[in-house]
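Colleague: Can you take me through this model? I would like to begin with the metal site and then move to the strands and helices.

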Amino acid sequence: MDTARLKQFVGTFWEDSILPSITDYIRIPNKSPAFDAQWAEHGYMEDAVKLMEGWARPQLAAFPGATLEVVRLPGRTPLILIDIPGEGHDTVLLYGHLDKQPEMKGWSEGLGPWQPVRRDDKLYGRGGADDGYAIYACLCALLALKEQNIARARCVVMIEACEESGSYDLPYYVDHLKEKIGQPSLVVCLDSGCGDWDRLWLTTSLRGIAAGTLTVRVLTEGVHSGDASGIVPSSFRLLRQLISRIEDEGSGAIKLQDLYVQIPPQRIEQAKQAAHVLGDTVIDRYPFAGTTKPMADEKAELVLNRTWRPQLAVIGMDGYPAPENAGNVLLPYSTAKLSLRLPPTLEARAAMASMRKALEADPPNGAIVEFDGKDGQSGWHAPQLAPWLEAAVAQASQDAFGQPAAYMGEGGSIPFMGMLGEKFPDTQFVITGVLGPHSNAHGPNEFLHIPTGKRVTEAVARLVMAHYARAGRGAK
Ligand SMILES: [Zn+2]
């Protein structure tokens, strides 16, 4: 592998081919089905699929026998499947998604979710980094290998359109395409985060999630608050009381002891190393307002809080008028959408049951309390890296970034990894991504850090190369 030539190829291809297409992709408001129930009628998902298909198909001319199929199971989001033949009998599965999070408020002047803006190293707009770039980076990496005549195994690129809704369509596709996908010995997922822009970051775990909507109802209709307060309990107070059953409102620690797991010693060690490498970035990557301080002083503790401990966020509320429309009314009900992140190795269904039990038992003041939540999603914990892969990751980081790789859990979830981990227990996983400091996937001002996109692409090329070149391949 000629490193300079790889860099040159990837850099030029990103500028000339990838960025113009991602720019068009950012303009499409193809929100995931959970945020656009009429996604099929609106046709934006179809626009995004067409855009990526239209870009990818001509690239495949470089690979004899390669196919691209838009797979459509009835009533489900579409899926792009690209099959690129290679040497030997082995398969690498590369994964990304094309659906997007909703707009969110708070975009800075001149920026917006469906408005691509390039400023220096950054391309702003929804979905560029999460996770539109994935299909482009995968094909670019394979083209870069081709350009240097470097052998690799067969590669299957799978781009789904339901990830931001919890990938509920994906198991059906994985079953439907079981024969076609085969048995991958390496999975590369390009939908994760990075601690900084200076090295290759591998995700060692993902948290699970238990989410649901909690409603406390005290009246059949709103009444004058001056008339009723002191007789009718406030639904907000009762809601607050219920939430305090699962979360300590002082420290933010989760009170339900069965939502904790024993953190593996290796992961504690890696969290310390990650905290050391990151320094203040552990904290500075978030746009803290004013004098707001983080939840702990110790940075390694913050890393573990974010990756291995349960934590609650209230992500939506209902039952309230906007302040400018609020009269003196004791409101009939309060609703809060609760999103509880779970340790990677905890079973989500059991966590959900425990949460429900705590919230619904013995309603305060006998109020009507309902918790509406489904099964939740379990997290994922990476299997031990094979020695060849650990060496390849180190080399790839050194060559692409000029620094050693780093390992850290992620606080978010990628449901597909849990599914794959169960289906292919012997498979090796590389989960990485471009969501670094302030890149703000899901929030306002999301951006794609272009140099990192290029370097991650180089790293993928190197890992796919090393996968084929590894000792003992085909022994299985
Ligand atoms: Zn994503």
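Colleague: Which residues coordinate the zinc ion?

Modeller: His97 through NE2, Asp130 through OD, and Asp191 through two OD entries, at 1.9 to 2.7 Å. Donors here are N, O and S atoms within 2.8 Å of the metal (3.2 Å for Na, K and Ca), and water is not among the atoms, so sites may look incomplete. This is a predicted model, where local features need pLDDT of at least 70, side-chain atom pairs count only at pLDDT 80 or more, and totals for chains, interfaces and linings use all residues. Residues are numbered from 1 along each chain as its sequence is written, and side-chain values use heavy atoms, with hydrogens and water left out.

Colleague: Why is the arrangement around the zinc ion irregular?

Modeller: The four donor atoms subtend angles of 52 to 148 degrees, which makes it irregular. Tetrahedral would need all angles between 85 and 135 degrees; square planar for four donors, or octahedral for six, needs opposite donors over 155 degrees apart and all others between 65 and 115.

Colleague: What spacing do the donors follow along the chain?

Modeller: H-x32-D-x60-D. Asp130 sits in helix H4 (residues 128-147) and Asp191 in the loop between strands S7 (186-189) and S8 (201-206), so the pair ties together parts 61 residues apart in sequence. Helices (H or I, at least four residues) and strands (E, at least two) are DSSP runs, numbered from the N terminus.

Colleague: Is Asp130 buried or exposed?

Modeller: Asp130 is buried, at 4% relative accessible area, and Asp191 is buried at 7%. Buried means under 20%, exposed over 50%, partly exposed in between (1.4 Å probe, protein chains only).

Colleague: Switching to strands. What does S9 pair with?

Modeller: S9 pairs antiparallel with S13 (residues 333-342) over 10 bridges, and with S14 (residues 368-373), also antiparallel, over six bridges. Pairing requires at least two DSSP bridges between the strands. Ile209 has Arg341 as its bridge partner in S13, while Val216 stands opposite Val369 in S14. Seven of the 10 residues of S9 (residues 208-217) are buried, so the strand is largely enclosed by the rest of the structure.

Colleague: And the open sheet, what is its strand order?

Modeller: S1-S2-S6-S3-S7-S17, six strands with mixed pairing. S1 (67-71) and S17 (428-431) are the edge strands, each pairing on one side only. Within that sheet, S3 (residues 87-97) and S6 (residues 153-160) run parallel, joined by eight bridges. Leu93 stands opposite Val156 in S6.
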